[in-house]
Amino acid sequence: MPESVDINVHHITRVEGHGNIVVKANDGTIKKVEWQVPEAPRFFEAMVRGRSFMDIQTIASRICGICSVTHSLAAIKAIESAMGIQVSEQTDRVRRLLQHSEQLESHSLHVGYLVAPDLLGVPSVVPLVSSHPDVVKTVIRIHRLGNEWMELIGGRMTHPVSIRPGGFGMLPTEDDLRGLRERLEGIVPDLKTLAEVVASLAGELPDFERETEYIALVNPPEYALYHGEIGSTDTNRTVPVDQFESVVNEYVSPQSTSKWTRWHRDSFAVGALARFNLNAEYLTPLAAETAKTLGLQKGCCNPYMNSVAQVVEAVQAVEDGIQLCDELLEAGIEPEKPQVEPRAGEGAGCVEAPRGILFHRYAFDENGLCTSANICIPTGQNHGNIQHDFEALVPQVLPSGQEETERLLKMLVRAYDPCISCSTHYLDVRFE
Amino acid sequence: MSKPKVAIFDFACCEGCQLQIVNLEEELLDLISVVQPVTWREAMSEKDDDYDIALIEGSITRPEDEERLRAIRDRADILVALGACATIGGVNKLKNNFELDEVKRCVYGDAADMPHLDTAMTKGADEVVEVDCYVHGCPMDKKEFTHIVKSLALGKEPVIPDYPVCVECKQRGTICRYEYGEICLGVVTRAGCNAPCPSGGLWCFGCRGYAPEPNVQAARDVMEEYDLTVEDLQSKLKLFNSKQEPTNA
């Protein structure tokens, strides 16, 4: 039956930041399908100019509350690259340990609080408190651990303060690490429960596939999050982080006016599913087993499965976190006093944020004052792919009617776990 | 007595303060036993324009956002600013240190003249509407947030410290950042965060704004003692406490 729909979702709920969905169809003919981003501008790249290299992490962290650790790490790596600073193996390990805390915190927040209501057919997590108290309590325990882990290593929950160019201003003690290790071991049963719950609801995820280019850090034989080069499912060639602009190819879309990205195709996707598709063989044992339980296989092109890949990565974060605690404890914690003499230079830094690959670039003068910046955010890289998914999905689901089409489009946006405040750190977009 | 209805709104920010509400975990369940959240876009699909308390996160950076904030003010009995972006403008005010047209050109290059790329000076919430209560910090402290919301729900005056962060470092036994040769804004910044930054390996960068009556002479004495200048301190203060007017426009 030819369908007419008029979907106009103003400020989609249960995502970070502001996005709109517009679909218009008359008698089965699709007139308009758009993913719009009307977030307020913040102009970070302009604001950091003139600030000391010692202030950059503090500012960059404020691009995003949920990914403040990875924005901090990308900024610090870029600064260190610009100034030729080498860090100790201890610093490297503690940073990766901190990065995992954000993966656990962010993924559990997204899957447990933002996506679960869709799978259970309720408008928010609030009704689940009484209908599914055990599930909610499990999610709370996992999320709390992610946060307290972040606080222990980063000095605070959200906007870490311990990370500095050259090393750490505050290090965990060996007792801290032993305590953390115990808590990480202790959360494994909850993660298994979460995986079982998600597996039991996986049938609620739409069966939609669209062949997609996925981009993530690669660094065999590890599941790359912090070190590596830029990889793609479309090529075996990898690109050094310092050339990230040649991968993201930012451009202004005449349709959305938000800067989009493309490499080998019209768009690409980043995030947990992209990382899984490029690095699945390097997952830790329990994470690999969790992927099996959840039916997630390398080469998956169903964007709704990104939330499932996040569950796998939550397990990976805990398992690798335990390993890092062991390595740090075996080596023993050495005090650090990072002292950096500024010098002129330019450098790029890259890490995998929970939502995908994240790039920062800064240039500094001889006094260490920032002269220019360029920041490329995962959600910005996903906007174009969300649009192309919309265009493929709408014709398939239109016969199911307005309400169902709208529900599936909202779920699709949420699956990408967009962080729109991040992605529009400098864009000001208005629509008719 | 029915529970006060609470609505949460975000403007230009990182949404890290809303995240602190989520980070309350089980305590959030206690909080919703005294107030009823009716609108919270980041966490709920429900929406209701009938509310008693409006919680405002983020800075105001566009004329249309001023209109939106005024409409919220009209509907709410109590309006609360959450976090540095709303209370003092925060890092978003760094933009105000540049000439606006130049900021746009820096980011957009040749496209800067397109009419839809307009932006305005960054404002804190109280530069647009009357604010009844402030939850300071970047991000705000979740314990202080709970205290303030519970106080408002019970019709009590919340207790917000008026002394500087230095007091809390002394209480914690944290080594003074000046001993490391670093400029710390704890001397003039309002306490209430329990000084996590100086103990976490960094200096205080002033995210809670000035203490109500900052001891400027004491700050001068500290600068002198450590061979630093007031200009050094002022430069650091720009990070979260830039003024409304641009300096070189």
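In the predicted model, helix α3 (residues 68-83) of chain A packs against helix α4 (residues 89-119) of chain A at an angle of about 150°, the two axes lying 8 Å apart. Because angles over 145 degrees count as roughly antiparallel, α3(A) is described as roughly antiparallel to α4(A). The contact is formed by A:Val69, A:Thr70 and A:Leu73 on the side of α3(A), which meet A:Arg95, A:Leu98, A:Gln99 and A:Glu102 of α4(A). By class, the residues of this contact comprise 3 nonpolar, 2 polar and 2 charged.

Helix α4 also takes part in the contact between the chains, in which 50 residues of chain A are in contact with 44 residues of chain B. Along with α4, the helices α1 (44-47), α2 (56-61), α5 (126-131) and α6 (133-154) of chain A each contribute at least two residues to the side of chain A that touches chain B. The most is given by α6(A), with 4 residues. On this side of chain A, 23 residues are nonpolar, 16 are polar and 11 are charged.

One residue of helix α6 of chain A is A:Asn147, which is buried, with 24 other C-beta atoms within 10 Å. Apart from its neighbours within four places in sequence, A:Asn147 is in contact with A:Glu105 and A:Met157, and also with B:Asn23 of the partner chain. The C-alpha atom of A:Asn147 is separated by 8.3 Å from that of A:Leu104, although the two residues are 43 residues apart along the chain.

Within chain B, the domain assignment gives domain 1 (5-153) and domain 2 (165-240), whose centres, taken over C-alpha atoms, are separated by 26 Å. The contact between them takes 12 residues from domain 1 of chain B and 9 residues from domain 2 of chain B. On the domain 1 side of this contact, the residues divide into 5 nonpolar, 5 polar and 2 charged.

The largest nonpolar core contains 199 residues, of which A:Ala216, A:Val312, A:Cys350, B:Ala54 and B:Ile56 touch the most other members. Helix α11 (residues 306-331) of chain A supplies the largest share of this core, namely 11 residues. Both domain 1 (5-153) and domain 2 (165-240) of chain B give residues to the core, and it therefore lies between them. For B:Ala54, the residues touched, not counting those up to four places away in sequence, are B:Ala7, B:Phe9, B:Ile72, B:Ala76, B:Leu79 and B:Val80.

Several features of backbone geometry fall in loops of the two chains. In chain A, the peptide bond from A:Pro220 to A:Pro221 is cis, with omega near 0°, and A:Pro221 is found in the loop between β6 (213-218) and β7 (229-232). In chain B, the bond from B:Cys138 to B:Pro139 is likewise cis, with omega near -5°, and B:Pro139 is placed in the loop between β5 (133-135) and α6 (142-153) of that chain.

Positive phi values in residues other than glycine are found at A:Asp27, where phi is near 45°, and at B:Glu15, where phi is about 60°. A:Asp27 lies in the loop between β2 (20-26) and β3 (29-36) of chain A and is exposed, with 8 other C-beta atoms within 10 Å. B:Glu15, by contrast, is buried, with 22 other C-beta atoms within 10 Å, and occupies the loop between β1 (5-10) and α1 (16-22) of chain B.

Key
Residues numbered from 1 in each chain as written. Chains lettered and ligands numbered in written order. Predicted model: local features only at pLDDT ≥ 70, side-chain atom pairs only at ≥ 80, totals over all residues. Core = buried A, V, L, I, M, F, W, Y, C linked by C-beta atoms within 7 Å. Buried ≥ 20, exposed ≤ 12 C-beta atoms within 10 Å, placed from the backbone. Domains from an automatic or database assignment. Contact = placed C-beta atoms within 7 Å. Axes fitted to C-alpha atoms, helices over the stretch in contact; angles between N-to-C directions. Parallel < 35°, antiparallel > 145°, perpendicular 65-115°, else oblique. Nonpolar A, V, L, I, M, F, W, Y, C, P; charged D, E, K, R; others polar.
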